[in-house]
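Subject: Structure for you, with notes

Hello,

Here is the structure I promised to pass on. Please open it and keep it beside you as you read the notes below.

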Amino acid sequence: RPASGSELLHPSPGGIVLATLAGYCAAIKRKKSAILVGGWRALTLPLPWLFARACFFLFFLLPLAAFWSLARARNSGTGRQGMKYLDEPALVGLCDELNKLTSGDVRLSCRLEAYSLKLAGQDRRVAREVEQQYEDQLSRSGGSYDGLSVSPFGPLSDRNARKTHINLILAMNHTFPDWDFSNVRADEFMKMPAFGVVQNAITTDLLEFVQQSSDGTLLDRLFLSLDQIAPVNESSIYSYTSDVLGEDPFSENGMVPLFNYFLYHKGLKKILFFSCCKRKLSTAMDSDEEDDRGYTPVDMDDL
């Protein structure tokens, strides 16, 4: 259609590009030497208008985009971009209560955190690294999936099984940001048959500490909160046990691991990580034997 007077006075960026291309094509078709004439005329028509648009882009749109990116990073709930930390006040309160429990000269050290399963940023890089490990294993086996046929998550030739493995690794990475669990193998995890088994194991491990508490409802409130946040009968439950003690946050500096459980709910796209360890309280006055949290390394056989 013919251009209106307003469009001629204030052409759009698309119109400028089209006019430029039209000028080039016309010059080439007529085989004239001044190929750039048409494009130059189209670009030099609205110089004040182009300058105003450039200023709008540089001083408004770019700062707005930077502010939006920063806001997304802050809302991620964690210092590392990716899997989003879910602020659950009930879990925070329960974790604080557990970490105050002692039995004699031994104290609990627990983490109880929930995350969404949406990946971005740093998590995508870790996911690619773990996938590459699978590809390397497949290459070493001559293209056979026999070595990947069995895992707690199902056959690792299945993308969904590998995704579950990766998500458990990422949950630990976010819970312990100073550690990298990218090399944790699938066979270091175990799928639990039912939540009742897990509940009994947690009760046994924490009983000596809970008995010292004046609140006899702590475990009941704990299991109720777990079920409310990640319904236990709808979740896949996994445990993690490291093959090498002393090379992870669960057994460093005299820490003795009790358990590491994951409630993995695909429908809610949520993963809940519950980890507990125990360690002796510091009784030595020598600061060289103490770490930043007031504990002293001990022989794990003494616990």
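Start at one cross-strand pair: Cys-110 stands opposite Cys-276 in β7. Bear in mind throughout that this is a predicted model.

**Strand β7 and its neighbours**

The cysteine pair belongs to a longer contact. Strand β3 (residues 106–116) and β7 run antiparallel, with eleven bridges between them. Strand β7 covers residues 270–280, and nine bridges join it to β6, again antiparallel. Two of the facing pairs are worth finding. Leu-263 sits opposite Leu-272 in β7. Tyr-264 has Ile-271 of β7 as its bridge partner.

How many residues of β7 are buried? Eleven of the eleven are, so the strand is largely enclosed by the rest of the structure. In a regular strand, side chains alternate between the two faces of the sheet. Here is how that looks in β7. Lys-270, Leu-272, Phe-274, Cys-276, Lys-278 and Lys-280 point one way. Ile-271, Phe-273, Ser-275, Cys-277 and Arg-279 point the other way. Both sets are buried. Note that the buried residues include Lys-270, Lys-278, Lys-280 and Arg-279.

**Strand β6**

Strand β6 (residues 256–265) is mostly covered, with eight of its ten residues buried. β6 also pairs with strand β5 (residues 236–240). Those two run antiparallel and share four bridges. Across that pairing, Tyr-238 stands opposite Phe-262 in β6.

The hairpin of β6 and β7 has four residues between the strands. Look at Lys-269 there: its phi is positive, near 50°.

**Aromatic rings**

The count of aromatic pairs comes to 14. One of them is Phe-259 with Tyr-261: the ring centres are 5.3 Å apart and the planes lie at 25°, so this pair is stacked. Stacked here requires planes under 30 degrees apart. Both residues are buried, Phe-259 at 4% relative accessible area and Tyr-261 at 10%.

Phe-262 and Phe-273 make another stacked pair, because their ring centres are 4.6 Å apart and their planes are at 15°. Phe-262 is in strand β6 and Phe-273 in strand β7, so the pair ties together parts that are eleven residues apart in sequence. How buried are they? Phe-262 has a relative accessible area of 0%. Phe-273 also comes out at 0%.

These two rings belong to one aromatic cluster. Its members are Phe-153, Phe-176, Phe-181, Phe-189, Tyr-238, Tyr-240, Phe-250, Phe-262 and Phe-273. So Tyr-238, the residue opposite Phe-262 in β6, is in the cluster because it too is among those listed.**The cavity**

A search of the whole structure finds one cavity of 30 Å³ or more. The largest cavity holds about 60 Å³ of space. Which residues line it? They are Phe-195, Val-198, Ile-202, Leu-226, Ile-237, Tyr-261, Phe-262, Leu-263, Leu-272 and Phe-274. Helix α8 (195–210), β6 and β7 each supply at least two residues of this lining. The lining divides into ten nonpolar residues, no polar and no charged.

Several residues from the notes above return here. The lining includes Tyr-261 and Phe-262. It also includes Leu-263 and Leu-272, which face each other across β6 and β7.

Best wishes

Methods
Residues are numbered from 1 along each chain as its sequence is written. This is a predicted model: local features need pLDDT of at least 70, side-chain atom pairs count only at pLDDT 80 or more; totals for chains, interfaces and linings use all residues. Side-chain values use heavy atoms; hydrogens and water are left out. Buried means under 20% relative accessible area, exposed over 50%, partly exposed in between (1.4 Å probe, protein chains only). Two strands pair if DSSP finds at least two bridges between them. On a 1 Å grid over the protein atoms alone, a cavity is a set of points where a 1.4 Å probe fits but cannot get out, and a pocket is an open set with protein on both sides within 12 Å along at least five of seven lines; lining residues have an atom within 4 Å of a point. Grid points are joined across faces, edges and corners, and a volume is the space filled by probe spheres set on the points. Ala, Val, Leu, Ile, Met, Phe, Trp, Tyr, Cys and Pro count as nonpolar, Asp, Glu, Lys and Arg as charged, and the others, Gly among them, as polar. Rings of Phe, Tyr and Trp (its six-membered ring) pair if their centres lie within 6.5 Å; planes under 30 degrees apart count as stacked, over 60 as edge-to-face and the rest as tilted.
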